[in-house]
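Me: I would like a close look at one part of this protein, with the rest of the chain filled in around it. Please keep it plain and say what each term means.

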Amino acid sequence: MKATMKEVAELAGVGVGTVSRVINGVKVKDSTMQKVQEAIAILNYQPDEYARGLKTNKSNIIALIIPTIWHPFFSEFAYHVEKRLSQLNYKLFICNAELDGQKESEYIEMLGKNKVDGIIGITYSDIDTHISSNLPFVSIDRHFSETIPYVTADNYQGGRLAAEVLIQKGATYLAYIGGINQFENETSYRKQGFYDRLEEAGVPFETLDMPEPIHDLEVQVEQFLGAYPLVDGIFTVNDFMAMTVMKVANRLGRSVPKDLQLIGFDGLRAAADQECYVSTIVQPLEQMAQRAVELLLSIIEDKPHETRVVLPVSFHEGGTTK
């Protein structure tokens, strides 16, 4: 039979109210804390989290909105978020939004019903009207109309780094390939950093910018490579785009990296012990997840907090550069 709070109190020699305070994190004497924790361990007592949440107005659950769990970037980010939350005695609730603004809005509305304590969001949908500055919400890369705190990698420096590496590795005619999202986010700085470094170095470059959602990607990339056959170095907005460019280039008889060097962005891997798919600018996913969690909990606890956290990136050789 499941142990009760009353039984814990009797074994510890304290009142039920004292056990309740210990369970809910209220300060008690160290000796009292130890007695209650020992009694809980002996009886294997499991608090009723639902009832506890009603009393404290907290669920100890954080929601994570991601576009899709299928993408290795988002799944790895979710892994690190869950790991950090678990260390802090929180649980994770994942919203696999699939670019569905309605689904994202429904999860945000859950906050008002005390179903979750806060949300970390990687979102590309039109949900600005559901986000307000008094909402426990931390965004990843995305800007909202109000001052919503967000965590991001240094996308601008990543773009500069990609240009620098390609120049150092002998590329003389470069290009950027990416998509244009209608919602403002930090990823646009990748392109700007790339352009700025090339202009400083006096290196010529071309651009293929495609409005999202992108249709006929391989066709557009093939036409672009056909139009600019002398391009020998390309920086793409992400690693999947780089993999598509490599596929098309190989089909056209252009060997990577012999004829065409490629650098992506994100640092995607199939697993923790695997190498990156392509040469890439690596985002510090673990640190981004940790900072997002810590920032969100500061908001929930009404503590002073930053509104913009920018973390450094690095280059990783993945076989698509010389």
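Me: In what sense do β1 and β3 pair, and over how many bridges?

Reply: β1 and β3 pair in the parallel sense, over four bridges. Two strands count as paired if DSSP finds at least two bridges between them. Helices (H or I, at least four residues) and strands (E, at least two) are DSSP runs, numbered from the N terminus.

The model is predicted: local features need pLDDT of at least 70, side-chain atom pairs count only at pLDDT 80 or more, and totals for chains, interfaces and linings use all residues. Residues are numbered from 1 along each chain as its sequence is written, and side-chain values use heavy atoms, with hydrogens and water left out.

In the pair you asked about, I62 stands opposite G118 in β3. On its other partner, β3 pairs with β4 in the parallel sense over three bridges, and I119 has F137 of β4 as its bridge partner. One step further on, β4 (residues 137-140) pairs with β5 (residues 150-153), again parallel, over two bridges; there I140 is matched with V151. Pairing of this kind is made through backbone hydrogen bonds, either parallel or antiparallel.

These strands belong to an open sheet of six, in the order β2-β1-β3-β4-β5-β11, with parallel pairing. β2 (91-96) and β11 (308-311) are the edge strands; each has a single partner, so one side of each is left without a neighbour in the sheet. From one strand to the next the twist averages 20°. Axes here are lines fitted to C-alpha atoms, for helices over the stretch in contact, and angles run from 0 to 180 degrees between N-to-C directions.

β3 (118-121) is covered on both faces: G118 and I120 on one side, and I119 and G121 on the other, are all buried. Buried means under 20% relative accessible area, exposed means over 50%, and partly exposed lies in between (1.4 Å probe, protein chains only). Helix α11 lies across β1 (61-66), β3, β4, β5 and β11, and runs at about 155° to β4.

Helix α11 (residues 285-300) also gives the most residues, nine, to a nonpolar core. A nonpolar core is a set of buried Ala, Val, Leu, Ile, Met, Phe, Trp, Tyr and Cys residues joined through side-chain atoms within 4.5 Å. The largest core has 62 residues, and F77, I120, V151, F194, I234, F235 and L260 touch the most other members. This core draws at least three residues from each of domain 2 (61-152 + 285-310) and domain 3 (155-284). Apart from it lies another core, of 13 residues, including I65, I108, I119 and L135. I120 is thus listed in the largest core, and I119 in the other.

The domain bounds come from an automatic or database domain assignment, which also gives a domain 1 at 5-47. The centres of domain 1 and domain 2, taken over C-alpha atoms, are 33 Å apart.

There is a second open sheet to set beside this one. Its six strands run in the order β7-β6-β8-β9-β10-β12, with mixed pairing. β7 (205-211) and β12 (314-316) stand at the edges with a single partner strand each, so one side of each has no neighbour in the sheet. The twist averages 25° from one strand to the next. β10 (residues 280-282) pairs with β12 in the antiparallel sense over three bridges, and V282 has S314 as its bridge partner. Helix α10 (residues 239-251) lies across β6 (174-180), β7, β8 (233-236), β9 (261-266) and β10, at about 155° to β9.

Some backbone details lie in the loops. Most residues other than glycine have a negative phi, and most peptide bonds are trans. The bond from E212 to P213 is cis, with omega near 0°, and P213 sits in the loop between β7 and α9 (217-227). D216 lies in the loop between β7 and α9 too and has a positive phi near 55°; its relative accessibility of 58% makes it exposed. V256 and P257 are joined by a cis bond as well, with omega about 10°, and P257 lies in the loop between α10 and β9.

Key:
Contact = heavy atoms within 4.5 Å.
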